Amino acid sequence: MKYVCSVCGYIYDEAKEKLPFSSLPESWKCPVCKAAKSVFAPEKKQESPEKTVSVPAAPLDSDIKDLSAGALSALCSNLARGCEKQYREKEAALFREIAGYFEAAVPGVPDADLERLASLIREDLTQGYPAVSAAADACKDRGTKRICVWGEKVTNMLDSLIRQYQTEGEAFLADTEIWVCSVCGFIYVGDAPPEICPVCKVPAWKFDKTEGRDSA
């Protein structure tokens, strides 16, 4: 039996490892991306392609002015990263500046806590990404489909990190660093960033170290 990491695609092959996946301790992590054991799933057999299901498009009756400050900040941040990939640093800098402006205008969330964050992330994984991916398939939008693939992997990692933190507490982050891929947003906990991002495959120098973390 083979089990696949939903974040980086690493395959745990029971035949090669000579140890059943179920026998691994719950603290075991993916050797490539360090995702928790819980993000692994049995490898699916390749099936014949399914027929495309028609998904009605949502009415485009909204305007950018209707977006929240948080949404505008995220939008401009993503546009900045897109410009970076195209080596348009001047445009990227402008989008980062605008993103910062809107980020500063985001109101505080009174009921924000780890459980609420975990709930929203799992809602994205179970409802948000499947819905957007299905719509992208129906419209044959390869760009959106690729964004969904990367985004779902990164969100799976966030879910994994939160679960590990909930289990281990501050000890999970003790004497280590947190690195964030500046291209796809993948988060890696370790003394040094991975040589290659497990999600988008950019080199280690594309990772930024998170500075100034609050102590417990």
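This report describes the sheets, the helix packing and the salt bridges of a predicted model.

## Confidence of the model

The structure is a predicted model, and the protein chain has an average pLDDT of 86, with 89% of the residues scoring at least 70. When the mean pLDDT is taken element by element, strand 2, which covers residues 11–13, has the highest value at 95, whereas helix 2, which covers residues 69–85, has the lowest at 85.

## The sheet of strands 1, 2 and 3

Strands 2, 1 and 3 form, in that order, an open sheet of three strands with antiparallel pairing. Strand 2 and strand 3 (40–42) are the edge strands, and because each has a single partner strand, one side of each is left without a neighbour in the sheet. From one strand to the next, the twist averages 30 degrees.

The pairing of strand 1 (residues 2–5) with strand 3 is antiparallel and runs over three bridges. One residue pair that can be located in the model is Cys5 and Phe40, where Phe40 is the bridge partner in strand 3.

## The sheet of strands 4, 5 and 6

A further open sheet of three strands has the order 5-4-6, again with antiparallel pairing. Its edges are formed by strand 5 (187–190) and strand 6 (207–209), each of which pairs on one side only. With direction ignored, neighbouring strands of this sheet are turned against each other by 30 degrees on average.

Strand 4 (residues 177–181) pairs with strand 6 in the antiparallel sense over three bridges. Within strand 6, Phe207 is the bridge partner of Cys181, and Asp208 is the bridge partner of Val180. Strand 4 also pairs with strand 5, in the antiparallel sense and over four bridges, and here Glu177 has Gly190 of strand 5 as its bridge partner. The hairpin of strand 4 and strand 5 has five residues between the strands, and in this hairpin Gly185 adopts a positive phi near 90 degrees.

## Helix 2 and helix 3

Two packed helices are described by the angle between their axes and by the distance between those axes. For helix 2 and helix 3, the axes come within 8 Å and cross at roughly 165 degrees. Since angles over 145 degrees count as roughly antiparallel, helix 2 and helix 3 are therefore roughly antiparallel to each other. Their crossing is left-handed.

A salt bridge also joins this pair of helices, and it is one of eight in the structure. Arg96 forms it with Glu84, and the closest N and O atoms are 2.6 Å apart. Because Arg96 lies in helix 3 (residues 89–104) and Glu84 in helix 2, the pair ties together parts that are twelve residues apart in sequence.

## Helix 4 and helix 5

Helix 4, spanning residues 114–139, packs with helix 5, spanning residues 142–168, at an angle of about 160 degrees, and their axes are 10 Å apart. This angle makes helix 4 roughly antiparallel to helix 5. The crossing of helix 4 and helix 5 is left-handed.

Sorted by class, the residues in the contact of helix 4 with helix 5 comprise twelve nonpolar, six polar and eight charged ones.

Key. Residues are numbered from 1 along each chain as its sequence is written. This is a predicted model: local features need pLDDT of at least 70, side-chain atom pairs count only at pLDDT 80 or more; totals for chains, interfaces and linings use all residues. Side-chain values use heavy atoms; hydrogens and water are left out. Axes are lines fitted to C-alpha atoms, for helices over the stretch in contact, and angles run from 0 to 180 degrees between N-to-C directions. Helices (H or I, at least four residues) and strands (E, at least two) are DSSP runs, numbered from the N terminus. Angles under 35 degrees count as roughly parallel, over 145 as roughly antiparallel, 65 to 115 as roughly perpendicular and the rest as oblique. A crossing is left-handed if the near helix is turned anticlockwise from the far one by less than a right angle, and right-handed if clockwise. Ala, Val, Leu, Ile, Met, Phe, Trp, Tyr, Cys and Pro count as nonpolar, Asp, Glu, Lys and Arg as charged, and the others, Gly among them, as polar. Two strands pair if DSSP finds at least two bridges between them. pLDDT is the predictor's confidence in each residue, from 0 to 100. A salt bridge is a side-chain nitrogen of Lys or Arg within 4 Å of a carboxyl oxygen of Asp or Glu.
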